[in-house]
Amino acid sequence: MAKRLCLLLCFLVLFQCCMGRQQTSRQQKECRISRLNAQRPSNRIQSEAGVTEVFDHNNEQFQCAGVAVVRYTIEPRGLLLPSYVNAPQLMYFVQGRGLQGIMITGCPETFQSFQESQQGQEQQEQGQQGEQGQQGQQGQQGQQGQQGQQFRGDQHQKIREVEEGDVFVVPVGTGHFIYNNGDRRLIVVSVLDTSNDANQLDFQPRRFYLAGNPQNEFQQQKQQQQEQQGSEGQQQQQEGGGSEGRGQESSGNNIFSGFDAQQLAEAFNVDVQLIRKLQGQNDRRGNIVRVEGGLQALLPPRGQQERGEQQQDHLHARGNGYEETICSLRLKQNIGDPWRADVYTPRGGHRSSVTGYDLPVLQKLVKLSAHKGRLYQGALVLPYYNVNANSVIYAIRGSARIQVVQQQGQTVANEEVQQGQVLVIPQNFAALIKARDSGFEYVAIKTDENAMINTLAGNLSLMRAMPVKS
């Protein structure tokens, strides 16, 4: 008995040491920052109805923050194909409006078209009211008509309307798609938290498409890195079945393309030809496709939908229980409307934020937060630092001079950040932001659900809290 206990204790100590080393190396990976530069997309993928632009996640500042950044530009009637990724993500809608679909396994299809089923019931009732002979036969036809109407009726999980200024949360491994039902381009910036505990792989972002034959935006960057490493990297690229360019896309790049078509047909109980379409064979449209005739989806009136989400959020705040709310969690909040500003000054600008206190899903599943700011011409954000999170700043409009200083007092960034660029401000690095003549509008996504800052100047700053003669 004593030997067994001793062996168990040795095993536990060894396990804790291994876990401690793994967590330490994970947190400290690639965080030796000597210079921060505003980044532009390093990879651009043109599709049938839009463009996907990927920022180089192998850059040292993205590696330090443990994030990957992607920007999607979706044309009207364009559909970003359904997919899921290995990390939670926070999306900010920069421009336009559209529909965001979230598919959560095990949740009911609560959006249903009852009108067609009701027509079938009326036909059945009319058939049952007649005589036994010919009218009884009509009743049978009415019943069959009801079944046909029910079969043609649509039903799906909840689809949410999104618009400019919305922050949208996508938990890890959750299927999702975006459709542009507006009359202008829909621009979305997505930040993936690859260092989140929910990602049990590595810092490499991985997107798993459920349809089409798209170029995988992250896989392509990985292939380019392998090519630079020599023949061994090229061999890994061929074994991985990746594609570069549009001429090699016939192999298929969604997850169903790797399965046997006949076995998939048996699993779905459909024809093999339909499965081959699902596998995206010879589909060259990319990851954003045009929906001819528009996407038809069931949606309640906008006012009712917003009121329903607010009521659900109040229930979540009272602690209804995780099991009861996973299918109805509120996943979006608008931080772009100036009327919802948390901080406002007439000559400086305004700022809105969303944290785990505003969206319970951030507290429970995603561990991210965001704030959106607008600085007027010449306005200054006093020196500050992020207490418990890295900050990923995306410039929406205008430009600003951003200075960042590290722990040894050295300037690691003195950049003019312009529209469409991204800059990472690491945790505890001091920063100062001053808007240029055109003003500056930005969104900052942070790697903690309740991110906090400390100011270094002003009434509530650390310096103000010290004695005068210290």
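A residue counts as buried under 20% relative accessible area, as exposed over 50% and as partly exposed in between (1.4 Å probe, protein chains only). The model described here is predicted: local features need pLDDT of at least 70, side-chain atom pairs count only at pLDDT 80 or more, and totals for chains, interfaces and linings use all residues. Residues are numbered from 1 along each chain as its sequence is written, and side-chain values use heavy atoms, with hydrogens and water left out.

Helices (H or I, at least four residues) and strands (E, at least two) are DSSP runs, numbered from the N terminus. Strands pair if DSSP finds at least two bridges between them. An open, antiparallel sheet of 7 strands runs in the order β1-β2-β3-β12-β5-β10-β15. Its edges are β1 (43–47) and β15 (332–334), each paired on one side only. From one strand to the next, the twist averages 20° (axes are lines fitted to C-alpha atoms, for helices over the stretch in contact, and angles run from 0 to 180 degrees between N-to-C directions). Within the sheet, β5 (residues 89–95) and β10 (residues 166–170) are antiparallel partners over 4 bridges. Y92 faces V167 of β10.

A nonpolar core is a set of buried Ala, Val, Leu, Ile, Met, Phe, Trp, Tyr and Cys residues joined through side-chain atoms within 4.5 Å. The largest holds 51 residues, and V69, L90, F93, F168 and I178 touch the most other members. I178 has contacts (heavy atoms within 4.5 Å) beyond its neighbours within four places in sequence, including I74, L80, M91, F93 and V188. Another core lies apart from the largest and has 24 residues, among them V417, L423, A435 and F440.

Salt bridges join a side-chain nitrogen of Lys or Arg to a carboxyl oxygen of Asp or Glu within 4 Å. The structure holds 13 of them. One joins K332 and D166 at 3.9 Å, N to O. This pair links strand β15 to strand β10, across 166 residues. K332 is buried at 8% relative accessible area, and D166 is buried at 3%. Another salt bridge joins K372 and E441 at 2.5 Å, N to O. K372 lies in strand β18 (residues 369–375) and E441 in strand β23, so the bridge ties together parts 69 residues apart in sequence. K372 is buried at 3% relative accessibility, and E441 is buried at 12%. Through shared partners, salt bridges join E164, K372, R397 and E441 into one network.

A third example joins E292 and R77 at 3.8 Å, N to O. E292 is exposed at 62% relative accessibility. R77 is partly exposed at 35%. R77 sits in the loop between β3 (67–74) and β4 (78–85). It has a positive phi of about 65° although it is not a glycine. N428, also not a glycine, has a positive phi of about 70°. Its place is the loop between β22 (422–425) and β23 (430–446).

Aromatic rings of Phe, Tyr and Trp (its six-membered ring) pair if their centres lie within 6.5 Å; planes under 30 degrees apart are stacked, over 60 edge-to-face and the rest tilted. The count is 3 aromatic pairs. F256 and F268 have ring centres 5.9 Å apart and planes at 75°, so this pair is edge-to-face. F256 lies in the loop between α6 (231–240) and α7 (261–268), and F268 lies in α7. F256 is buried at 15% relative accessibility, whereas F268 is partly exposed at 43%. F440 and Y442 are stacked, at 5.3 Å centre to centre and 15° between the planes. Both F440 and Y442 are buried.
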